[in-house]
Amino acid sequence: MARIGRPVFYELPQADALALLERHHVGRLAFTFHDRVDIEPISYRFDDGWVYARTSPGTKLTVVQHNPWVAFEVDEIESRFDWRSVVIHGTIYFLDPSGGDRDREAYATALELMRAVDADVMTAVDP
C-alpha cells in the first residue's frame, strides 16, 4: 500500500512478519564482539519458525562462534515511506552433518531449503 505524506509507524502483525521472512532470501546479520559491532548480508531461508543461513568462512563465523547472540533483519522497501522490516534477536546454532541425529536431520532440512534457491549450495561449484 503506497503512502503519501508522512510515514506511519506500526508493529507488523505476526502473520505479515512471517510472510515477509518467507518471501525473501537475503537478510543482514548483526553481531558484536567486545567493542566491535558489525552487520553483514547473508543468504537465508525461513521455514517452520527457523532461519537457516549459510556463509563462507571468515571473520563473521569466527566472531559468532565465540559470541553467538545476534540480530537478523530483513527489509521490504516499496518507496520512501512504504517499507517493512522484521528484526529477530536470537542465538546462532551451527549444524554439523556428522553430528547427532538431530543435527543431521536439521542439516538435511537446511540443505534442501537452501538448494531450492540455489542448486549449487554446498557442492563443488558453490562459490
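# Working through a predicted model

The side chains of Glu76 and Arg84 meet in a salt bridge, 3.1 Å from N to O. Keep that pair in mind while you work through the exercises below. One thing to know up front: this is a predicted model.

## Exercise 1: Get your bearings

**Task.** Work out how many helices and strands the protein chain has, and in what pattern they follow along the sequence.

**Solution.**
- Step 1. Start with the count: the protein chain has three helices and five strands.
- Step 2. Now read along the sequence, and you get the pattern α-β-β-β-α-β-β-α.
- Step 3. For the dimensions, take the principal axes: the C-alpha atoms fill a box of roughly 55 × 35 × 25 Å.
- Step 4. Finally, look at burial. The protein chain has 127 residues, and 26% of them are buried.

## Exercise 2: Follow the strands

**Task.** Find out how strand 2 pairs with strand 1 and with strand 3, and over how many bridges.

**Solution.**
- Step 1. Strand 1 covers residues 26–33, and it pairs with strand 2 in the antiparallel sense over eight bridges. To see one pairing for yourself, pick Arg28: its bridge partner in strand 2 is Pro41.
- Step 2. Move on to strand 2 (residues 36–47) and strand 3 (residues 50–54). These two are antiparallel as well, with five bridges. Here you can pick Phe46, whose bridge partner in strand 3 is Val51.
- Step 3. A general point helps when you look at side chains here: in a regular strand they alternate between the two faces of the sheet.

## Exercise 3: Inspect the turns

**Task.** Which residues in the two hairpin turns have a positive phi?

**Solution.**
- Step 1. Strand 1 and strand 2 make a hairpin with two residues between them, and His34 in that turn has a positive phi of about 55°. His34 does this although it is not a glycine.
- Step 2. Check the surroundings of His34. Its relative accessibility is 69%, so it counts as exposed.
- Step 3. Next comes the hairpin of strand 2 and strand 3, also with two residues between the strands, where Asp48 takes a positive phi near 55°. Asp48 is not a glycine either.
- Step 4. Asp48 sits in the loop between strand 2 and strand 3. It counts as exposed because its relative accessibility is 69%.

## Exercise 4: Trace the salt bridges

**Task.** How many salt bridges does the structure hold, and which residues are joined into one network by shared partners?

**Solution.**
- Step 1. The structure holds nine salt bridges.
- Step 2. Take one of them: the side chains of Arg28 and Asp75 meet at 2.2 Å, N to O. Arg28 belongs to strand 1 and Asp75 to strand 4 (residues 69–79), so this pair ties together parts that are 47 residues apart in sequence.
- Step 3. Are these two buried or exposed? For Arg28, the relative accessibility is 28%, so it counts as partly exposed. For Asp75, it is 24%, so partly exposed is the verdict there too.
- Step 4. Return to the opening pair. Glu76 and Arg84 are both buried. For Arg84 the figure is 16% relative accessibility, and buried means under 20%.
- Step 5. Arg84 also forms a salt bridge with Glu78, at 3.2 Å, N to O. Glu78 is exposed, with a relative accessible area of 54%.
- Step 6. Put the pieces together: salt bridges that share partners join Arg23, Glu76, Glu78, Asp82 and Arg84 into one network.

## Exercise 5: Scan the surface

**Task.** Which residues form the nonpolar patch, and which gather in the patch of negative charge?

**Solution.**
- Step 1. The nonpolar patch is made by Phe9, Ile77 and Trp83, which together have about 420 Å² of accessible area.
- Step 2. Zoom in on Ile77. You'll find it in strand 4, and it is exposed, with a relative accessible area of 63%.
- Step 3. The negative patch on the surface gathers Glu22, Asp47, Asp48 and Glu112. You've met Asp48 already, in the loop between strand 2 and strand 3.
- Step 4. Glu112 comes from helix 3 (residues 101–117). With 62% relative accessibility, Glu112 counts as exposed.

Notes: Residues numbered from 1 in each chain as written. Predicted model: local features only at pLDDT ≥ 70, side-chain atom pairs only at ≥ 80, totals over all residues. Heavy atoms only, no water. Patch = residues over 30% accessible without salt bridge, like charges linked within 9 Å, V, L, I, M, F, W, Y side chains within 5 Å. Areas by Shrake-Rupley, 256 points an atom, 1.4 Å probe, with all protein chains shown as cover. Salt bridge = Lys/Arg side-chain N within 4 Å of Asp/Glu carboxyl O. Lys, Arg positive; Asp, Glu negative; His and termini not counted. Charge placed at Lys NZ, Arg CZ, Asp CG, Glu CD. Helix = DSSP H or I, 4+ residues; strand = E, 2+ residues; numbered from the N terminus. Buried < 20%, exposed > 50% of the residue type's maximum accessible area, 1.4 Å probe, protein only. Pairing = 2+ DSSP bridges.
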